[in-house]
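Hi everyone, thanks for making time for this. I'd like to walk you through a structure that may be new to you, so please take a look at it with me.

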Amino acid sequence: MSQTEATKTDSTGNSAGVGFRRKMVGKVVSDKMDKTIVVECITARRDPLYGKYVRTKKRYQAHDETNQFKTGDHVEIQENRPVSKMKRFVVIRLVKKFVEE
């Protein structure tokens, strides 16, 4: 891979030759900060001893440049370079819009 290939970027603005970046889908639980949302991701993994599936919740702060995502929306976030002290993720797309009944 040459130097010019490593610096190419794709449509989301991320470098193409960077390596593996985690992607997760979660629910927006807070949008009160400017250009930042808090996304709660739920993962289920199997307990090694009992075989029961255990759900764990983890909250990530993600960068939302346009402040378009609101509480209740389901979004996909991707690992990125650090934007601030706590933000290591950026929002890629809206999976499902929150509809209040």
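**A62 and its surroundings**

Let's start at one residue, A62. Leaving out residues up to four places away in sequence, A62 touches K35, T36, I37, V39, I77, K87, F89 and V91. Keep in mind as we go that this is a predicted model.

Now, which larger group does A62 belong to? A62 is part of the largest nonpolar core, which has 12 residues in all. Its other members include I37, V39, I77, F89 and V91, names you just heard, along with M24, V28 and Y60. In soluble globular proteins, nonpolar side chains tend to be buried together.

Where does this core come from? Five strands, β1 (23-33), β2 (36-46), β3 (53-63), β4 (74-79) and β5 (89-96), each supply at least two of its residues. The biggest contribution is from β2, with three residues.

Let's step back to the whole protein. Starting from the N terminus, the order of elements is α-β-β-β-β-β, so to speak one helix and then five strands. The strands form a closed barrel, running β1-β2-β3-β5-β4 with mixed pairing. On average, neighbouring strands in this sheet are turned by 45° against each other, if you ignore direction.

Strands of a sheet pair through backbone hydrogen bonds, either parallel or antiparallel. Which of the two do we have for β4 and β5? Those two pair in the antiparallel sense, over six bridges. If you want to find one on your screen, look for Q78, whose bridge partner in β5 is V90.

Back to a neighbour of A62, then: T36, which sits in strand β2. Is T36 buried or exposed? T36 counts as buried because its relative accessibility is 7%, and the cut-off for buried is under 20%. The T36 side chain makes a polar contact with the side chain of K87, at 2.9 Å. Setting aside neighbours within four places in sequence, T36 is also in contact with D31, Q61, A62, D64 and N67, among others.

I'll finish with some overall numbers. The protein has 101 residues, and 27% of them count as buried. Its accessible surface comes to about 7700 Å², and carbon and sulfur atoms account for 50% of that. Finally, take the contacts between residues at least 6 apart in sequence: 48% of these join residues at least 24 apart.

That's my tour, and I'm happy to go back to any part of it.

Key
Residues numbered from 1 in each chain as written. Predicted model: local features only at pLDDT ≥ 70, side-chain atom pairs only at ≥ 80, totals over all residues. Heavy atoms only, no water. Core = buried A, V, L, I, M, F, W, Y, C linked by side-chain atoms within 4.5 Å. Buried < 20%, exposed > 50% of the residue type's maximum accessible area, 1.4 Å probe, protein only. Helix = DSSP H or I, 4+ residues; strand = E, 2+ residues; numbered from the N terminus. Contact = heavy atoms within 4.5 Å. Polar contact = N/O pair within 3.5 Å; in protein donor to acceptor, adjacent residues only side chain to side chain. Pairing = 2+ DSSP bridges. Axes fitted to C-alpha atoms, helices over the stretch in contact; angles between N-to-C directions. Areas by Shrake-Rupley, 256 points an atom, 1.4 Å probe, with all protein chains shown as cover.
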